[in-house]
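Here's a model to walk through together. Pull it up, and let's go from charged pairs to aromatic rings to the surface.

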Amino acid sequence: MEDVPVRRPARAARLRPVGDAELTLQYRVVHGYRRAFRMAGQGPALVLIHGIGDSSATWSELIPQLARTHTVIAPDLLGHGASDKPRADYSVAAYANGVRDLLTTLGIESATLLGHSLGGGVAMQFAYQFPERTERLILVSAGGVGREVNPVLRLITLPGSHLALSALRLPGMRLQVGLTVGLMRLLDTDLGQDAPELLTLVDALPDETARNAFIRTLRAVVDWRGQVVTMLDRCYLTEGMPTMLLWGDRDSVVPVRHAHGAHEAMPGSRLEIFEGAGHFPFHTDPARFLALVREFTGTTTPAHWSREHWRDLLCEGRPGVTAQGDATERDLREASERSAT
């Protein structure tokens, strides 16, 4: 019997180390504004989009691993991190345009988009505006599905909220807030699960310019009643696009029932729930998160869109609801009133 040569898996052959220099911030000026980003690795493009008040630093522990098999691009959205913070349009549609323009300057025509929280809404909006440039969607605790959102975020949209954010940085206030957070964690509340991460975001707003950009971004997607934009009414357009939803079952910011709603509205989507995790499942269980992303990107075929296919989906429209007046129909009607465009 002839010896059969042992063949290494194709993925293993593409693994490469990532140097520290690749993880440092880089900058591009687009439309006159400086935009910061991290870029590392080689292979299919994978874009990591952070949530509100956050930055590309949130992915710092994951980028080296993902960059072994992908070209990873992690931008600081305008108004966040080290990017400029002008008085500008901070809507999800504007952010989708900004991601497209940055990718264009980097010579990247299409990519898998992975978005967390607000970044998930931006990723969905990007796929809606530029389907021909979207290979896959990975949505992590994504905004833009239902109206519900943490009441604290709703309060921050009210007049005078910038004063409250400033007060959190006064001497002594952090100690009091820390004691409150400790009590919530001791009582094992869902908000206690996410509070330390959320306070870190507040710490990342060092001055009035940063706080104003944060509030402008928040008010573009949330008001005192909850989330004001959604993609729920056009999720049917993701048919044929590999989509995975990752959510913590103790998310205090965007409840896990939104994951189930999005999964139902997105034909062929995959849903993975992180038990015991809050709004940041990629921090709670990074090993599982990395394994899921690698497996999903390695076993699914990138979407290939044509104008004809897009036109056919739009002409067919959203699948009808058979039961008149039921909860699903009401949710979709409400969603249509809160569309991003």
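Which residue forms a salt bridge with Arg234? The partner is Asp233, and the closest N and O atoms of the two are 3.3 Å apart. Both Arg234 and Asp233 are buried. Keep in mind as you look that this is a predicted model.

That pair is part of a count of 8 salt bridges. Another one joins the side chains of Arg100 and Asp101, at 2.9 Å from N to O. Here the two ends differ in cover: Asp101 has 14% relative accessibility, so it counts as buried, because the cut-off for buried is under 20%. Arg100 comes in at 25%, and that makes it partly exposed.

Now go to Glu295 and Arg270, whose side chains meet in a salt bridge at 2.6 Å, N to O. Glu295 sits in helix H13 (residues 286–299) and Arg270 in strand E10 (residues 270–274), so this bridge ties together parts that are 25 residues apart in sequence. Both ends are partly exposed, Glu295 at 34% relative accessibility and Arg270 at 25%. The pair also has company: salt bridges with shared partners join Arg270, Glu272, Arg288 and Glu295 into one network.

On to the rings. The count comes to 7 aromatic pairs. One of them is Phe126 with Phe130, an edge-to-face pair with 5.2 Å from centre to centre and 65° between the planes. Phe126 is buried, with a relative accessible area of 1%, and Phe130 is buried too, at 8%.

Tyr128 and Trp310 make another pair; their ring centres are 6.2 Å apart and their planes stand at 50°, so this one is tilted. Tyr128 belongs to helix H5 (residues 118–129) and Trp310 to helix H14, so the pair ties together parts that are 182 residues apart in sequence. Trp310 is buried at 17% relative accessible area, while Tyr128 is partly exposed at 25%. Elsewhere, ring pairs link Trp59, Phe280, Phe282 and Phe289 into a cluster.

Stay with helix H5 for a moment, since Gln125 is found there as well. Gln125 is buried, with a relative accessible area of 0%. Its C-alpha atom is 6.2 Å from that of Ala93, a residue 32 positions away along the chain.

Finally, follow helix H14 (residues 307–316) to Glu308. Glu308 is partly exposed, with a relative accessible area of 45%. On the surface, Glu308 gathers with Glu239, Asp312 and Glu316 in a patch of negative charge.

How values were computed:
Residues numbered from 1 in each chain as written. Predicted model: local features only at pLDDT ≥ 70, side-chain atom pairs only at ≥ 80, totals over all residues. Heavy atoms only, no water. Patch = residues over 30% accessible without salt bridge, like charges linked within 9 Å, V, L, I, M, F, W, Y side chains within 5 Å. Areas by Shrake-Rupley, 256 points an atom, 1.4 Å probe, with all protein chains shown as cover. Salt bridge = Lys/Arg side-chain N within 4 Å of Asp/Glu carboxyl O. Lys, Arg positive; Asp, Glu negative; His and termini not counted. Charge placed at Lys NZ, Arg CZ, Asp CG, Glu CD. Helix = DSSP H or I, 4+ residues; strand = E, 2+ residues; numbered from the N terminus. Buried < 20%, exposed > 50% of the residue type's maximum accessible area, 1.4 Å probe, protein only. Phe/Tyr/Trp six-rings, centres within 6.5 Å; stacked < 30°, edge-to-face > 60°.
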